[in-house]
Number of protein chains: 2
Amino acid sequence: MSDEKDDKQDVWVGFDLGGTKMLAVILDENLKPLGRKRRKTRGHEGADAGLERIEETIQKAFKDADVDPSRLRGIGIGCPGILDLKKGIINEAPNLGWTDAMVCSYLNKKYDVPVILLNDVDAGLYGEYHFGAAKKSRSVLGIFPGTGIGGAFLYEGKIMQGDGRSCMEIGHIQVMPDGPLCGCGRRGCLEAVASRLAISAAIAQAAFRGQAPYVRDQVGTDLSEIRSGMISEAVEKDKVVKQIVQDAAYQIGIAAGSMIHLLSPDKIVLGGGLAEALPDLFKKGVKSGIEDWIMPSFKDSYEVKVAELGDDSAVLGAAAYARDTFHNRVKEEESDAS
Amino acid sequence: MSDEKDDKQDVWVGFDLGGTKMLAVILDENLKPLGRKRRKTRGHEGADAGLERIEETIQKAFKDADVDPSRLRGIGIGCPGILDLKKGIINEAPNLGWTDAMVCSYLNKKYDVPVILLNDVDAGLYGEYHFGAAKKSRSVLGIFPGTGIGGAFLYEGKIMQGDGRSCMEIGHIQVMPDGPLCGCGRRGCLEAVASRLAISAAIAQAAFRGQAPYVRDQVGTDLSEIRSGMISEAVEKDKVVKQIVQDAAYQIGIAAGSMIHLLSPDKIVLGGGLAEALPDLFKKGVKSGIEDWIMPSFKDSYEVKVAELGDDSAVLGAAAYARDTFHNRVKEEESDAS
């Protein structure tokens, strides 16, 4: 009997469109994962091929879940880059090389269900809020260092967004006037001094100078090879690597302290590969920056945690966001009608 | 007939408790002011005398409005300093010298109506949102430079607050590592470089050096005398004064640019005596800082305005906040009961 019910139950798709990988997950109404498919993104093949590939990946996930796509109720897509949230368009995704990809209308045509686009870090934090490190937080700030530093903020369960655009670009607050050049063209942005990429670059320099012999031995001085896994190994071997990570985490902590003065979150969730590979070291560095910066009246007002869901945070969050958004819309329409 | 109705209509009190002055206004249900009373605060007489003085001021405002206090429905109090918003206590108000003043329970005992405490800048921005420069904004950031630099943020009409505390302490984000010492004991806070007080100090130095002869002539080098009115006069006479104000406004603009990356407000409202005395110069400086800092995708996403309500913003906002909060509570209770 319960099987019969399950066969008719609505399902949702959560989709994480990353620069290197894409991941589709089919979830039931309670957001229990039923099946999934992960594939390489192949952004260089262009947006048209990419949209087809997204749809195929969703199809394969349905197959894995053994669920008929007719049960689909809605799709949530988390994606980095500059997004038009109202129109559901990826305006600019530097890691994909796509411009103006109309992902929502494409999938809406294929499946005839609502499709909602959101920033990948917003999706990740929404996932952590529903299922992971940020459960039941009144307000939570997410900081996800990677190639850049992504940020997200949830206030009473709502994702803070601009008008049709995502915001919380914590990577692009100025922390050092006339500091190092940032990828965005400005100087002294937080991500120019403390992203995983900035850390990798500092480690590559140390390796070149001979101060990080383990790294040099293992991967040389190519910063593309100095990824989170390598860094977390090297922390045990090369003293300077530990120092570099600590310094970056401390710098993030100073910025997080300013964020506490601004937003007073109960919880700060650190995510991304490096924070998850080195949770203790990273958390300690961030906390020490915060403690050195915040005013006494904000002491003990927050908790720092590391994300718990890994790669699943964004798919789960995107699906949860799609589900919550559409349920809210239905509620609003009902209350307007009554 | 309408007179008869008016005599029974609910009224609200908005109260602005400042370091030098206090202001009580009686407002009707539509927040039309019916009467008011302004007095010196006399913080040095202590909290007990202060609470009595607040109550007397409200009584005098009722008299001015020719309204019977029995019609009072609720009181909203805007106040600077460290507040316990849940308990309605002024924990620490540096400009008053009070600690742990139980203002809400005191007035609640006197009037037997709900009394709500909020940060003065939150109150001011809430006033501008309902009646002034921020009307109908989806999200609005307030920046009020004075002795410090107060900040506030409204998101979809809601004041962003911490759990029982106010936040948006934009004066205490770090803008200059190892920068000048701030009143809070840290270094390089925005308010240490760009508050009205920091501007006055820079002008006093220039006056001492002989670079601001008009100021020196008028008020000498005592920075207590270099207030907003004096500064706005001197801008026309002493070139260096104009430069100092522009630099500070530009610095606020850089910080505002970071805020746009974080919060993506539609509107930025500049308030406080100096911004209101020199609206064009101040707005221009802030906009130029923002434009030099923000990323292209946020261009044209915001508007910069100067506050329109002057001293009335906080009283009007406090009353509006009290009214809206209590109406929402009643709604919630009704929906819980049904």
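This is a walk through a predicted model of two chains, A and B, from the overall layout down to single residues.

Let's begin with how far the prediction can be trusted by its own scores. The model has an ipTM of 0.87 and a pTM of 0.90. For chain A, the mean pLDDT is 94, and 98% of the residues reach 70 or more.

Now take chain A as a whole. Its secondary structure consists of 12 helices and 13 strands. If you lay the C-alpha trace along its principal axes, chain A spans about 65 × 50 × 40 Å. A compact globule of 338 residues would have a radius of gyration near 20 Å, and the 21 Å of chain A agrees with that. Buried residues account for 50% of the 338 residues in chain A. The contacts also tell you something about how the chain folds back on itself: among those in chain A between residues at least 6 apart in sequence, 65% join residues at least 24 apart.

Next, bring in the second chain. Chain B can be superposed on chain A by a rotation of 180 degrees with 0.0 Å of shift along the axis, and the RMSD is 0.0 Å. This is the relation of a two-fold axis. Where the chains touch, chain B supplies 29 residues and chain A supplies 29 residues. On the side of chain B that touches chain A, helix 9 (residues 239-263) of chain B gives the largest share, with 5 residues. That side of chain B is made up of 15 nonpolar, 8 polar and 6 charged residues. Since 100% of the interface residues of chain B are also interface residues in chain A, the copies meet through the same surface.

Helix 9 of chain B is worth a closer look, and B:Gln251 is a residue you can find in it. Is B:Gln251 buried or exposed? With 20 other C-beta atoms within 10 Å, B:Gln251 counts as buried, and 20 is the number at which a residue begins to count as buried. Leaving out residues up to four places away in sequence, B:Gln251 touches B:Val175, B:Val193, B:Ala194 and B:Gly289. By contrast, B:Glu45 is 206 residues from B:Gln251 along the chain, and their C-alpha atoms are separated by 38 Å.

What about the nonpolar interior? The largest nonpolar core has 220 residues, and the ones with the most contacts inside it are A:Ile203 and B:Ile203. If you center your view on B:Ile203, you can pick out its partners beyond four places in sequence: B:Ala212, B:Val215, B:Ile226, B:Ile231, B:Val241 and B:Ile244.

Another residue to visit is A:Val13, in strand 1 (residues 11-17) of chain A. A:Val13 is buried, as 28 other C-beta atoms lie within 10 Å. Apart from neighbours within four places in sequence, A:Val13 is in contact with A:Ala24, A:Ile26, A:Ile58, A:Leu72, A:Ile75 and A:Ala319. Here is a nice pair to check on screen: A:Val13 and A:Arg323 are 310 residues apart along the chain, while their C-alpha atoms are separated by 9.3 Å.

From there, move to a loop. A:Leu223 sits between helix 7 (213-219) and helix 8 (228-234) of chain A. With 18 other C-beta atoms within 10 Å, A:Leu223 is partly exposed. Its contacts, again not counting residues up to four places away in sequence, are A:Ser200, A:Ala201 and A:Ala204. The C-alpha atoms of A:Leu223 and A:Gln205, 18 residues apart along the chain, are separated by 9.0 Å.

Finally, let's turn to the backbone. Most residues other than glycine have a negative phi. Which phi value does A:Asp66 have? It is near 55 degrees, a positive value in a residue other than glycine. A:Asp66 belongs to the loop between helix 2 (47-65) and strand 4 (72-79) of chain A. A:Asp66 is exposed, with 9 other C-beta atoms within 10 Å. In chain B, B:Lys136 has a positive phi near 65 degrees. You will find B:Lys136 in the loop between helix 4 (120-131) and strand 9 (139-145) of chain B. B:Lys136 is exposed as well, and 10 other C-beta atoms lie within 10 Å of its own.

Notes. Residues numbered from 1 in each chain as written. Chains lettered and ligands numbered in written order. Predicted model: local features only at pLDDT ≥ 70, side-chain atom pairs only at ≥ 80, totals over all residues. Least-squares fit on C-alpha atoms with pLDDT ≥ 70 in both. Contact = placed C-beta atoms within 7 Å. Core = buried A, V, L, I, M, F, W, Y, C linked by C-beta atoms within 7 Å. Buried ≥ 20, exposed ≤ 12 C-beta atoms within 10 Å, placed from the backbone. pLDDT = per-residue confidence, 0-100. Helix = DSSP H or I, 4+ residues; strand = E, 2+ residues; numbered from the N terminus. Rg over C-alpha atoms; globule rule 2.2 N^0.38 Å. Nonpolar A, V, L, I, M, F, W, Y, C, P; charged D, E, K, R; others polar.
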